[in-house]
Amino acid sequence: MSSVSGAAAPGRGAKTAVKSSMWRQSVRLLLKNKLAIAGLVIVVLMFLACFIGPMFSPYADNKTNMRIMNRAPNLQHWLGTDKLGRDVLTRVLLAGRISLTVGLASMVLSVTLGTLLGALSGFFRGVVDQVIMRVADLLLTIPSLPLLFIFGALLSDWKVPPENRMYIVMLILSLVNWPSMARMIRGQMLSLREREFMQATTVLGLNNKRKLFHHLLPNLIPLIIVIATLNIGGAILSESVLSFFGLGVTAPTPTWGNMIDAANNLIDFQERPWLWMPPGLSIFITVIAINIFGDGLRDVLDPKQKR
Amino acid sequence: MENLLRVNRLSTHFHTDEGTVKAVDDISFRVGKGETVCIVGESGCGKSITAMSIMGLIQAQGASGVTGGTIEFGGEDLLKLGKNELRTLRGSEISMIFQEPMSSLNPVMTIGEQLTEPLRIHRKLNRKAAAKRAVELIAQVGISRPEQIMDSYPHELSGGMLQRIMIAIAISCGPKLLIADEPTTALDVTIQAQILDMLRRFKDESEMSIMLITHDLGVVAEMADYVIVMYAGKIVEEGEVEVLFDDPKHPYTRGLLRSKPVLGQLQDELYSIPGQVPDPLELTESCYFHDRCEFCMDICRVKGPPLRGVGERQKTACWLYEEANVHA
């Protein structure tokens with residue numbers, strides 16, 4: 001028996017490179033996409049600013065100060081003060097903490113839930129599929145905004161303490177977001193499970209758990225990463241909407257949404273743009289940056305979905 | 001020879017809106033210990049479905065699926081086994097190689113991960129021992145630098161190498177029966193010979209039986225002890241390889257043998273059997289081969305011939321010999 005010299009096998013030193021070739025290649029491609037990198041940089045800066053920034057602020061205690069109400073931006077208060085005399089810059093950063101945390105956490109929750117349910121439903125099909133998908137359909141038939149409002153209203157009705165509302169909002173957002181994720185994963189699962197290598201795993205006597213978690217899900221990781229990234233932006237936006245309508249996280253905890261809500265009257269709108277411009281711009285820039293980065297990621301990791 | 005696999009009156013039917021497709025229709029055969037049985041036939045005559053039925057890969061949906069018969073493996077009927085029992089059998093006692101090595105391995109897992117998996121599951125080896133065994137297996141199937149191959153992904157290897165890996169995975173747990181569904185069809189001829197050579201070597205070393213599915217008579221001549229010729233879901237002829245190649249009885253087998261190019265013999269035109277495999281939906285009570293057969297008689301159009309012994313070591317399903325028997 002002659003031995004085949006490894007046609008595609010590179011030299012010994014390249015061993016680790018071989019192992020991570022797909023990820024390395026992706027990173028290299030991503031680095032070429034300047035726009036996506038710009039998005040990533042902005043997102044990272046935003047996170048750093050929000051989580052570290054307030055530590056250097058003398059106004060981080062969020063105390064009200066009636067003597068300096070509604071001041072325009074000045075040297076002491078770079079973005080002015082609000083109607084209770086609180087520093088707007090500090091509040092925007094503190095609000096960013098909440099908004100970004102909610103966005104991130106609800107993304108993790110909805111992606112986990114969506115992936116798990118979608119995978120189960122695509123893998124087992126039959127009754128499991130029917131039950132999961134009909135629930136998903138039910139949630140999808142109601143437009144997400146009214147659904148969020150209903151949940152938010154319930155939240156207010158149950159008199160949930162303000163410091164806990166943030167967590168409940170995360171739950172609500174993921175509850176609304178998982179069905180679309182689950183559908184996507186299910187679709188991919190249905191096509192993957194019929195592939196020849198999955199037949200090979202049956203022939204090798206692997207059990208379902210192994211097939212699902214070792215063979216099928218790793219094939220979906222690029223897709224999951226992309227959707228997860230894009231989901232953060234959506235979740236931040238939804239949270240802002242909820243808070244803007246007073247149904248999400250409520251005062252005194254600041255979020256970008258309820259800060260804009262607080263300035264939602266004619267006088268503030270016309271006379272005091274420093275109250276609503278900073279949180280508005282923060283939402284805008286963060287969400288756009290995340291989406292640009294997500295798009296770049298998709299081009300690299302999931303070329304099939306390229307528009 | 002002792003039986004390892006005994007397929008008895010196996011039928012696999014699929015019910016479609018247009019009618020019933022009898023993909024495998026009442027076939028019986030046996031595979032002895034250490035024997036190589038080849039199943040030959042054109043595309044679409046039920047070879048792969050037979051293999052898949054044995055592996056339990058045909059999922060029953062309504063009335064479709066394996067509809068009758070028994071598949072005895074080591075005395076147990078595979079069709080009656082529960083899911084878990086079947087799973088412990090697959091990959092350890094019976095394993096299978098597919099036609100397309102390129103798509104038979106998971107693209108996102110390294111060769112090492114995929115090779116150690118059955119060892120860890122069926123042989124209960126720990127990670128280290130499994131990896132050690134996997135390296136040995138890769139070396140055994142003739143690939144150099146096995147340690148490096150362990151960390152490679154399928155797309156980094158050639159088709160021939162991947163098929164070797166598939167064989168390594170298939171034989172990793174020392175199966176008693178290896179089902180190879182056209183294992184060399186997707187490979188070029190030199191690699192083909194190496195792969196077949198290797199299969200034969202493993203068979204001799206471990207007393208493994210091979211059920212080889214192919215449409216390549218060259219492969220049959222090289223590998224088989226016993227040959228089964230299938231046509232439209234039925235066995236039309238079977239026999240020991242020398243007998244069958246020397247003296248094919250059924251017109252279909254003859255046609256197959258004639259349509260094989262012979263080296264050094266100049267032919268103006270290669271023989272081909274006229275017509276096509278009949279539409280499985282339009283099969284009637286007749287010999288399924290009658291409209292392509294040059295010896296077609298009246299009886300062939302109205303009644304299908306049974307599979308009968310012709311001589312000691314051969315069986316055929318053809319009225320030609322039925323008559324000969326009657327007259328004799």
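**Group meeting: rings, cysteines and one helix**

C296(B) is partly exposed, with a relative accessible area of 22%. For the cut-offs, buried is under 20% relative accessible area, exposed is over 50%, and partly exposed is in between, with a 1.4 Å probe and protein chains only.

Before I go on, the housekeeping. This is a predicted model, where local features need pLDDT of at least 70 and side-chain atom pairs count only at pLDDT 80 or more, while totals for chains, interfaces and linings use all residues. Residues are numbered from 1 along each chain as its sequence is written, chains are lettered from A and ligands numbered from 1 in the order in which they are written, and side-chain values use heavy atoms, with hydrogens and water left out.

Okay, cysteines. How many disulfides are there over all chains? Zero, taking a disulfide as a pair of cysteine sulfur atoms within 2.5 Å. Back to C296(B): its nearest cysteine sulfur belongs to C300(B), 4.7 Å away, and C296(B) is in no disulfide. For C293(B), the closest cysteine sulfur is in C318(B), at 6.0 Å, so that's too far for a bond. C293(B) itself is buried, at 17% relative accessible area.

Now the rings. Searching the whole structure gives eight aromatic pairs over all chains. The rule: rings of Phe, Tyr and Trp (its six-membered ring) pair if their centres lie within 6.5 Å, and planes under 30 degrees apart are stacked, over 60 edge-to-face, the rest tilted. In chain A, F244(A) and F245(A) make an edge-to-face pair, 5.3 Å centre to centre with 85° between the planes. Both count as partly exposed: F244(A) at 26%, F245(A) at 47%. Ring pairs also bring in F149(A), giving a cluster of F149(A), F244(A) and F245(A).

Over in chain B, Y252(B) and F289(B) have centres 5.2 Å apart and planes at 65°, so that pair is edge-to-face too. What does this pair link? Distant parts of the chain, 37 residues apart: Y252(B) is in helix α10(B), residues 251-258, and F289(B) is in the loop between α10 and α11 (298-302). By the way, helices (H or I, at least four residues) and strands (E, at least two) are DSSP runs, numbered from the N terminus. Both rings are buried, Y252(B) at 0% and F289(B) at 3%.

We also get charges over rings, meaning NZ of Lys or CZ of Arg within 6 Å of the ring centre and within 35 degrees of the ring normal. The charged end of R258(B) is over Y271(B), 3.8 Å from the ring centre. R201(B) does this with F202(B), at 5.2 Å.

That F202(B) takes us to helix α7(B), residues 189-206. Its 18 residues should span 26 Å at 1.5 Å a residue, and the end C-alpha atoms are 26 Å apart, so that agrees; the expected span is 1.5 Å times one less than the number of residues. F202(B) is one of the buried residues here, along with Q192(B), I195(B), L196(B), M198(B), L199(B) and K203(B). Down the axis, the buried residues fall within an arc of 160°, so they line one face, the arc being that of directions from the helix axis to the C-beta atoms. Turned away from that side are the exposed T190(B), D204(B) and E205(B). After α7(B) comes E207(B), with a positive phi near 60°.

Last, a strand. In β6(B), residues 94-97, I94(B) and M96(B) point one way, S95(B) and I97(B) the other, and all are buried. β6(B) pairs with β7(B), residues 177-181, in the parallel sense over four bridges, where pairing takes at least two DSSP bridges. S95(B) has L178(B) as its bridge partner in β7(B).
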